[in-house]
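Please walk through this protein with attention to its charged and aromatic side chains. The account below starts with ion pairs and ends with the overall fold.

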Amino acid sequence: LVLSANASAEVGSLEFAMFNHLKMLYLSCNKLRCVSGLHGLFSLEQLRLAYNRLDTLEGLQQLWGSRYQLCLLDLRHNALRSAPQLLFLSGLTKLKELWLRDARGDHAMGNQVCMEPGYRSNALCAARWLVSLDGAPVSREERDSVLGKGMDLGRSSEELSANQPSLTGHGQELKILQEQVAAASKDLQDISH
């Protein structure tokens, strides 16, 4: 289903669930600020959301769990600013290919999270099943190394002293996301047993 380039600001009113066999959904080149209306799209394999205004990935929770088939997610050129947003990828258990920036690494317009130190490691830690990130393959060795270290959502001591208000907001966002991820993980474990 192609709904690209419609200047749509929201898709929540659309009932995608009636397309229960939908495999590809193209919502690129709109004005979306959040993801919604995806619950029940168990067959969805590709979701293309590039060139929107997304500043949160919270709506991806609608696709969490082993029943969902999402394996490709394109989020290039949005407004994702911080590493904690990447935690919303953690429940996408079939995700193999993720795009947050162009392969050429163009940051002129796009997700600021891609410019943070440790971006690739954080993305791989959050989406541990990836085989490709931004067009670059993920080796088993790289994945094992990253998963052994965990996500680096902290800030350097210089940033702590120079920008305390930003850290406080960042910390609160991280705490909420960690609680949501823990609750969803428990739910997934309960369902699988």
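How many salt bridges does the count come to? In this predicted model, the count comes to 6 salt bridges. Three of the pairs are described here, along with a network.

One salt bridge is made by the side chains of Glu45 and Lys23, with N to O at 3.5 Å. Lys23 sits in the segment before S1, while Glu45 belongs to the loop between S1 and S2, so this pair ties together parts that are 22 residues apart in sequence. Neither partner needs to be searched for inside the protein: Glu45 is partly exposed, at a relative accessible area of 31%, and Lys23 is partly exposed as well, at 44%.

Another salt bridge links Asp134 with Arg101, and here the closest N and O atoms are 3.6 Å apart. Asp134 is in the loop between strand S5 (132-133) and strand S6 (136-137), and Arg101 is in the loop between strand S4 (97-99) and helix H1 (119-126); the pair therefore ties together parts that are 33 residues apart in sequence. Is Asp134 buried or exposed? Asp134 has 7% relative accessibility and counts as buried, because the limit for buried is under 20%. Arg101, with a relative accessible area of 24%, is partly exposed.

Salt bridges that share partners also build one network, which joins Arg48, Asp74, Arg76 and Asp102. Within this group, Asp74 and Arg76 form a salt bridge whose closest N and O atoms are 2.6 Å apart. Asp74 counts as buried, at 2% relative accessibility. Arg76 has a further contact to note, since this residue lies over the face of Trp99, at 5.3 Å from the ring centre.

The aromatic side chains come next. A pair of aromatic rings is described by the distance of the centres and the angle of the planes. The structure holds 1 aromatic pair. Its members are Phe42 and Tyr68, with ring centres 4.6 Å apart and planes at 35°. Why is the pair of Phe42 and Tyr68 tilted? Planes under 30 degrees apart would count as stacked and those over 60 as edge-to-face, so the angle of 35° makes this pair tilted.

Phe42 lies in the loop between strand S1 (24-26) and strand S2 (46-48), and Tyr68 in the loop between S2 and strand S3 (72-74), so the two rings tie together parts that are 26 residues apart in sequence. Tyr68 counts as buried, at 6% relative accessibility, whereas Phe42 is partly exposed, with a relative accessible area of 27%. Arg67 lies over the face of Phe42, at 3.9 Å from the ring centre.

These pairs can now be placed in the whole chain. The protein has 4 helices and 6 strands, and from the N terminus on the elements run β-β-β-β-α-β-β-α-α-α. Of the 193 residues in the protein, 40% are buried. Among contacts between residues at least 6 apart in sequence, 59% join residues at least 24 apart. The accessible surface comes to about 10,100 Å², and carbon and sulfur atoms account for 54% of that surface.

Key: Residues are numbered from 1 along each chain as its sequence is written. This is a predicted model: local features need pLDDT of at least 70, side-chain atom pairs count only at pLDDT 80 or more; totals for chains, interfaces and linings use all residues. Side-chain values use heavy atoms; hydrogens and water are left out. Rings of Phe, Tyr and Trp (its six-membered ring) pair if their centres lie within 6.5 Å; planes under 30 degrees apart count as stacked, over 60 as edge-to-face and the rest as tilted. Helices (H or I, at least four residues) and strands (E, at least two) are DSSP runs, numbered from the N terminus. Buried means under 20% relative accessible area, exposed over 50%, partly exposed in between (1.4 Å probe, protein chains only). A charge sits over a ring if NZ of Lys or CZ of Arg is within 6 Å of the ring centre and within 35 degrees of the ring normal. Contact means heavy atoms within 4.5 Å. Accessible areas come from the Shrake-Rupley method with a 1.4 Å probe; for residues, only the protein chains shown count as cover. A salt bridge is a side-chain nitrogen of Lys or Arg within 4 Å of a carboxyl oxygen of Asp or Glu.
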